[in-house]
Amino acid sequence: PFAPGANPMHNRDRSGALASLSSVAKLPYESCLDGISNTFCIVPSGLGKKSSRAKNLVTLLNGYFEKNAHHININVLNRKLLQDAHNHPEKYPNLTIRVSGYAVRFNQLTPEQRAEVLKRTMHGSSVATLSKAESFPSSTCDCTVINPTSVNLDIEELMTASTTRPEDAVTGAVHSIETFSTRDGPGIRTLVFLQGCTKRCIYCSNPETQCIVNPMECPEVAITDVDLADIIKNYDHFLKPNDGGVTISGGEPLLQPDFVRAVFDKVHNLGLSTCLDTSGHGTVSNWEKVLPATDYVMLCLKAMDRDLAATISGVSKESADRAKGFAHYLRDYHQDTKLSLRWVLLKDITDTDEEIEALVDFAKELSPVFTHIELLPYHILGKEKYEKLDRPYPLEGMDPYTDEDAMEVKEKLESLGVSVILPNQL
């Protein structure tokens, strides 16, 4: 549904920025002779790190107009700042925003008008939506009874008995698709969240993606590589510049190596880059299915101490060790693939001197594929999902990691000789 001016109605555009822009661009001008005035909101971090924001914004605009779109207003808004200004307008006497094409002082709007601004969709998050959280388990789509934390589990094991698999296509279990991301690999990317994970990380912000299902028996999440490639092709104008492309995350994508490989091959055929966001699950045979078609890997390490890593990820020490083996294998056999290490900062747990120094030592072992460490300060995004899933939140009472503390860790890592990215850094 569209509001006046062909704007998607608040919070109806749930498939991400590229889907929203592409949808409005389809409108024929002759059907909207009174004008198309698409007001598009995005948070600053949604455009990526500061040095890349102008380039990413230009890519968005070029892709939009290459689809024969007519008009757009870009509002770069900080929801946190606006919320504070809504609650305390006296603190922001000069805060100016655009409303319906006009520049206005935010504190001169009525409380109802300010609340309406805050209801707008502000693109930028790459946390999976909750759209399927209530589907697992269900009467028609239950989780498997296989040990979910098995080191060697492959979703193909669930599908071998199926007699209804489509020919010339590979079916996977996909939780959701975020069409626009600038924080999950180079350029602008479409982010695909797969369904199913073997770990139970205490800080997981997408717990609804953990349930492992057989996609042949679960139509809610089933999609073929052909159909997914067709969706991605809709956005290739946005994705091709600056080595953009597709990132497959989860859940754990290496639970579905055949599906990931099939998708990655089609992504390459579209002239886009591929990126794997993984915790290093599985075996060499599964890794070899995926890595030859992978340009970038983002490897999420839970901790360097194996006991701590097992505690954080909720799996055995052997399974926790698998991520290090995956990194070494990538270094030894796929040196054209670029590897970054993702590290979640938990106060007094993963930010200790022992953990940070061990992380640096490990990173230096991974030359020539290693590029940088990406710090991910702990946050509580996704906490409400646990409530809807009727599950206790594992880190109840823990405060989000502060920007100041994250900067200290970044500076320490850099002083030890490794490149570091802190996504929220301005």
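This is a short talk about one sheet, two helices that pack on it, and three buried residues in a predicted model.

Hi everyone, thanks for coming. Some housekeeping before the tour. The model is predicted, so to speak of local features we need pLDDT of at least 70, side-chain atom pairs count only at pLDDT 80 or more, and totals for chains, interfaces and linings use all residues. Residues are numbered from 1 along each chain as its sequence is written, and side-chain values use heavy atoms, with hydrogens and water left out.

Let's start with the sheet. In what order do the nine strands of the open sheet run? The order is β9-β7-β8-β10-β11-β12-β13-β14-β15, and the pairing is mixed. β9 (222–224) and β15 (420–421) stand at the edges with a single partner strand each, so each has one side without a neighbour in the sheet. Strands here are DSSP runs of E, at least two residues long, helices are runs of H or I of at least four, and both are numbered from the N terminus. Two strands pair if DSSP finds at least two bridges between them.

At the β15 edge, β14 (residues 370–377) pairs with β15 in the parallel sense over two bridges, and Glu374 has Ile421 of β15 as its bridge partner. Helix α12 (residues 353–364) packs on the sheet and touches β12 (296–301), β13 (338–345) and β14, with its direction at about 175° to that of β13. Those angles run from 0 to 180 degrees between N-to-C directions, using lines fitted to C-alpha atoms, for helices over the stretch in contact. Over on β7 (171–181) and β8 (189–194), helix α1 (residues 17–25) lies across both, at about 75° to β7.

Now, three residues. Ser249 lies in strand β10 (residues 245–249) and is buried at 8% relative accessibility; buried means under 20% relative accessible area, with exposed over 50% and partly exposed in between, using a 1.4 Å probe and protein chains only. Not counting residues up to four places away in sequence, Ser249 touches Leu191, Val192, Phe193, Leu194 and Asp277, where contact means heavy atoms within 4.5 Å.

Asp225, in helix α6 (residues 225–233), is buried too, at 2%. What lies 2.8 Å from a polar atom of the Asp225 side chain? The backbone nitrogen of Val170.

Finally, Ala320 sits in helix α11 (residues 317–333) and is buried at 12% relative accessibility. Ala320 and Lys199 are 121 residues apart in sequence, yet 9.2 Å apart C-alpha to C-alpha. Thanks, everyone!

Conventions. A polar contact is a pair of N or O atoms within 3.5 Å; within protein, one must be able to donate a hydrogen and the other to accept it, and residues adjacent in sequence count only if both atoms are side-chain atoms.
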